[in-house]
Amino acid sequence: MRYVTRLLVAVVLVLGSLASPALAGDKDPLFIGLSSDQSQRVGHVLHFSGLQMARGHSLTIWLNESGIFLASKKYSKKHSAQQKTLAELMSKGATVLICQYCMKQLDVKESDLLPGFVIGNPELLGGAIFKDNTKTLSW
């Protein structure tokens, strides 16, 4: 029985060493879908986003569901810190897209949006999501 166990362990180790790990390339684009305006979650994703941008990854954040409130002037009192961080990320080259469908459902008008935020469409979203080597995360 010991022989069989040792043989299985050896096989697993050999096969495991042959598999290549899935790692992000040095400059792979990052696409993050953010569907919340909950302060702790948003703070986490924005911190993570900033760290990845500093490592050279281009960044697209897609605000959808209640995440769209982060782009609205109507919610500046509640989300001023997050809006400041998003503006800083955009000033460094991040793109922040807003879900057009969610805007209609949650009564956020284009005139409510703060500067720099872009209303998404299929071409913009598809271009960001399906760009070669893009890594995606959902928060």
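From the N terminus on, the elements of the protein chain alternate in the order α-β-α-β-α-β-α-β-α-β, which amounts to five helices and five strands. The model described here is predicted, and its path is best followed by beginning with the strands and then adding the helices that lie against them.

The five strands form an open sheet with parallel pairing, and their order across the sheet is β4-β3-β2-β1-β5. At the edges of this sheet are β4, residues 118–119, and β5, residues 135–138, each of which pairs on one side only. Strand β3, made of residues 95–98, pairs with β4 in the parallel sense over two bridges, and along this pairing Ile98 stands opposite Ile119 of β4. Strand β3 also runs parallel to β2, to which it is joined by four bridges; here Ile61 has Val96 in β3 as its bridge partner. The connection between β2 and β3 can be traced as well, since β2, helix α3 (residues 76–91) and β3 together make a right-handed β-α-β unit.

Two of the helices can be placed against the sheet in some detail. Helix α2, spanning residues 39–54, lies across β1 (30–34), β2 (59–63) and β5, and runs at about 170° to β1. Helix α5, spanning residues 122–129, lies across β1, β2, β3, β4 and β5, and its direction makes an angle of about 125° with β1.

A single side chain helps to show how helix α2 meets its surroundings. Phe48 is found in helix α2, and, leaving aside residues up to four places away in sequence, Phe48 touches Leu30, Ile32, Leu137 and Trp139. Is Phe48, then, buried, partly exposed or exposed? Its relative accessible area is 24%, and because the buried class requires a value under 20% while the exposed class requires one over 50%, Phe48 counts as partly exposed.

The chain as a whole can be described in similar terms. Of the 139 residues in the protein chain, 36% are buried. The chain exposes about 8,900 Å², and carbon and sulfur atoms supply 59% of that area. Among the contacts in the chain with a separation of 6 or more, 75% are accounted for by residues 24 or more positions apart. The pairing of Ile61 in β2 with Val96 in β3 and the contact of Phe48 with Leu137 are two places where the reader can look at such links between separate parts of the sequence.

Note on methods. Residues numbered from 1 in each chain as written. Predicted model: local features only at pLDDT ≥ 70, side-chain atom pairs only at ≥ 80, totals over all residues. Heavy atoms only, no water. Pairing = 2+ DSSP bridges. Contact = heavy atoms within 4.5 Å. Axes fitted to C-alpha atoms, helices over the stretch in contact; angles between N-to-C directions. Buried < 20%, exposed > 50% of the residue type's maximum accessible area, 1.4 Å probe, protein only. Areas by Shrake-Rupley, 256 points an atom, 1.4 Å probe, with all protein chains shown as cover. Right-handed = clockwise from strand over helix to strand, strands pointing away.
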